[in-house]
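Got the structure open in your viewer? Let's walk through it stop by stop, with something to select at each one.

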Amino acid sequence: MGMVTHMRFQELTESQKVVAKVIENSIAAQKIGHAYIFSGDYEPYLIETAQLFAKALFCEMPSGAEPCGVCRNCKRMDSGNIVDYMEVEPDGASIKKEQIQQLLSDLSLRGAEGDRQVYVIHQAHKMTTQAANSLLKFFEEPGVGKLAILVTTQPQLLLPTIRSRAQHLVFRPIDRVHLAEKLAEEMQCTNDLARLALTVYPKWDDAREALHNDWFVQAYGLVVQLVEVLTKRPQELLLFAQEKWLGHFKGRNELRVGLELFESWLEEALHFKVRTDYVPELFTKEQSLYTAFVNDRPVHKIVHAIEFVHEAIRRLEANVNPQLTFERLTFDLQKG
């Protein structure tokens, strides 16, 4: 666990009044459930709220539900150094049974320093069935003072038995424009770049790190070049892939970022095609390229292109060779 949030309930209340009230009331009444599901459209915010909840429970001098921020436990939470707080993230494409069993073993072996242990599961919808069933057994006899927070952007993918045993808090959609403005101001970059970074990197810190790096700015430029080639010289796609694209997007993770940026372009192009009044919100300086791209391209071809990119991302997740994956995509895009 790295650095933990400095979010406060006052800030949470501004965008998530109902969620904040439920958590604050449960703390005030000392009626904490053993399991919560936090679901919404922006995972970093859900995780920050889970960390705030935990911090409030560990704080030695809270003001109501608000953590003091200065006691020993608050400082240990801020530095990611408190043994009674644990987080689990997917190992590759899923959260595996072994990870949940390790978590449950850690919970029992560590023993609580105080009277509370909190664990947060990121992208909980990615638990395998075996992992979810292991967690379910623990839900049935959680033990005193143990709190699970399952964070997910796709709660419908959780096992119904998991959903029925946890209190579900649904977060209102996050204002991405405001988030991008905040990130752009912090990183001194354009809103466009900040918005794209937040689109392809699920964590705020990862988006910030990407914007520190020239690699991401160059990736932006290569997506624009890819669209130019696809629009004006589609017969040169494979050559472009070999000479430029694959030299920059090296390996599975980098290629996934490139594909997700390209997918963002295609989705904007689709809106631009079907809505005469639509002004693209990403790649905002490329208005003329959007016009050229959609001009002689029917809707079904743009939809097919998005599907081809989805399929390429699936191949990457299934460990297909990155170069072969992208070369197959260029063939699919040429074919239409």
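Start by selecting C68: with a relative accessibility of 24%, this cysteine counts as partly exposed. Keep in mind as you click around that this is a predicted model. Now add C59 to the selection. Its relative accessibility is 9%, so C59 counts as buried. Are the two bonded or not bonded through their sulfurs? The sulfur of C68 has its closest cysteine sulfur in C59, 3.6 Å away, and that is too far for a bond. A disulfide would need the two sulfur atoms within 2.5 Å. You can stop hunting for others, too, since a search of the whole structure turns up 0 disulfides.

**Zoom out**

Show the whole chain as a cartoon. You should be able to pick out 16 helices and 5 strands. The C-alpha trace spans about 65 × 40 × 35 Å along its principal axes. Of the 336 residues in the chain, 49% are buried. Among contacts with a separation of 6 or more, 69% are between residues 24 or more positions apart.

**The sheet**

Next, colour the strands. All 5 strands belong to an open sheet, and reading across it gives the order β2-β3-β4-β1-β5, with parallel pairing. Which strands stand at the edges? They are β2 (85-88) and β5 (167-170); each has a single partner strand, so one side of each is left without a neighbour in the sheet. Look along the sheet for its twist, which averages 20° from one strand to the next.

Now select residues 117-121 and 146-152. These are β3 and β4, which run parallel and are joined by 5 bridges. For one spot to zoom in on, click V118, whose bridge partner in β4 is L147.

Keep the sheet on screen and add residues 43-58, which make up helix α3. This helix lies across β1 (35-39), β2, β3 and β4, and runs at about 165° to β4.

**An enclosed helix**

Select residues 191-200 to bring up helix α9. How many of the 10 residues in α9 are buried? The count is 8, so α9 is largely enclosed by the rest of the structure. The buried residues are D192, L193, A194, R195, L196, A197, L198 and V200. To see what covers them, turn on α8 (176-187), α10 (204-211), α11 (214-232) and α13, which are included in that cover.

Step back along the chain to Q188, in the loop between α8 and α9. Here the surroundings change: at 77% relative accessibility, Q188 counts as exposed. Its backbone is worth a look as well. Most residues other than glycine have a negative phi. Q188, though not a glycine, has a positive phi of about 55°.

**A buried histidine**

Jump to H248, which is found in helix α12 (residues 237-248). Is H248 buried or exposed? Its relative accessible area is 11%, so H248 is buried. Leaving aside residues up to four places away in sequence, H248 touches W215, Q218, A219, L222 and E254. Show those five as sticks around the histidine.

**Two crossing helices**

Select residues 251-274 for α13 and 287-295 for α14. The two pack at an angle of about 75°, with their axes 10 Å apart. That angle makes α13 roughly perpendicular to α14. For the contact itself, show W265, L266, E268, A269, F272 and K273 on the α13 side, and Q287, L289, Y290, T291, F293, V294 and N295 on the α14 side. Sorted by class, this contact has 8 nonpolar, 3 polar and 2 charged residues.

While you are in α13, click E267, which also sits in this helix. With a relative accessible area of 36%, E267 is partly exposed. Try a distance label from its C-alpha to that of I302: the two are 35 residues apart in sequence and 8.3 Å apart in space.

**Last stop**

Finish at N319, in the loop between α15 (299-317) and α16 (322-335). Its relative accessible area of 57% makes N319 exposed. Check the backbone here too: phi of N319 is near 70°, a positive value in a residue other than glycine.

Key:
Residues are numbered from 1 along each chain as its sequence is written. This is a predicted model: local features need pLDDT of at least 70, side-chain atom pairs count only at pLDDT 80 or more; totals for chains, interfaces and linings use all residues. Side-chain values use heavy atoms; hydrogens and water are left out. Axes are lines fitted to C-alpha atoms, for helices over the stretch in contact, and angles run from 0 to 180 degrees between N-to-C directions. Helices (H or I, at least four residues) and strands (E, at least two) are DSSP runs, numbered from the N terminus. Angles under 35 degrees count as roughly parallel, over 145 as roughly antiparallel, 65 to 115 as roughly perpendicular and the rest as oblique. Contact means heavy atoms within 4.5 Å. Ala, Val, Leu, Ile, Met, Phe, Trp, Tyr, Cys and Pro count as nonpolar, Asp, Glu, Lys and Arg as charged, and the others, Gly among them, as polar. Buried means under 20% relative accessible area, exposed over 50%, partly exposed in between (1.4 Å probe, protein chains only). Two strands pair if DSSP finds at least two bridges between them.
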